[in-house]
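Colleague: I should like to request a close look at a single part of this structure. Please define each term for a first-year student.

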Amino acid sequence: MESEQKYIEDEFELDEYFLKQMHTFELDVKNKIASKIDELIGLKSTAGKIQSIAGYINLKKDIDIFFVLDYYREADCAPTVLIDVNEIEVDRYLDYINSNKYIK
């Protein structure tokens, strides 16, 4: 029997693959990405379609980390399911900004 996925404040559901990907980051990077994800509370329904949104964190004075987050949300009353997170290059991050798909 599989264990049920856990909810964080009933807002996010974390996919097992997402958790594996988060463990590829260093601890301070993981914590800052988690803080950025907290800013996503209240995302609109994607009708079950996977969407991507990009973000960045400032690790040190001259070090920025850019990442993309894949997620979906069945309905506005359902939790957002976080599927994947990966580091990306600045050019790809800028593409997400141009598409208005970034964490503001």
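What follows is a connected account of a group of rings and its surroundings.

Modeller: This is a predicted model, in which local features need pLDDT of at least 70 and side-chain atom pairs count only at pLDDT 80 or more, while totals for chains, interfaces and linings use all residues. Residues are numbered from 1 along each chain as its sequence is written, and side-chain values use heavy atoms, with hydrogens and water left out.

We begin with the rings. The structure holds three aromatic pairs. Rings of Phe, Tyr and Trp (its six-membered ring) pair if their centres lie within 6.5 Å; planes under 30 degrees apart count as stacked, over 60 as edge-to-face and the rest as tilted. One of the pairs joins Y56 and F66, and is tilted, with 6.0 Å from centre to centre and 35° between the planes. Y56 belongs to strand 3 and F66 to strand 4, so this pair ties together parts ten residues apart in sequence. Helices (H or I, at least four residues) and strands (E, at least two) are DSSP runs, numbered from the N terminus.

F66 also pairs with Y93: the ring centres are 5.1 Å apart and the planes lie at 40°, so this pair is tilted. It links distant parts of the chain, since F66 is in strand 4 and Y93 is in helix 3, 27 residues apart. Ring pairs thus link Y56, F66 and Y93 into a cluster.

Burial comes next. Buried means under 20% relative accessible area, exposed over 50%, and partly exposed in between (1.4 Å probe, protein chains only). F66, at 14% relative accessibility, therefore counts as buried, whereas Y56, at 35%, counts as partly exposed. Y93 is buried, as is F66.

Y56 has a further partner: K36 lies over the face of its ring, 5.5 Å from the ring centre. A charge sits over a ring if NZ of Lys or CZ of Arg is within 6 Å of the ring centre and within 35 degrees of the ring normal. K36 is one of the buried residues of helix 2, which include V29, K30, I33 and I37. Seen down the helix axis, these buried residues fall within an arc of 120° (taken from the directions from the axis to the C-beta atoms), so they line one face of helix 2.

K36 is also among the residues that I103 touches, as are E39 and L40; contact means heavy atoms within 4.5 Å. I103 lies in the segment after helix 3 and is buried, because its relative accessible area is 7%. From I103 to Y56 the C-alpha distance is 8.1 Å, although the two are 47 residues apart in sequence.

How values were computed:
Lists of a residue's contacts leave out its neighbours within four places in sequence.
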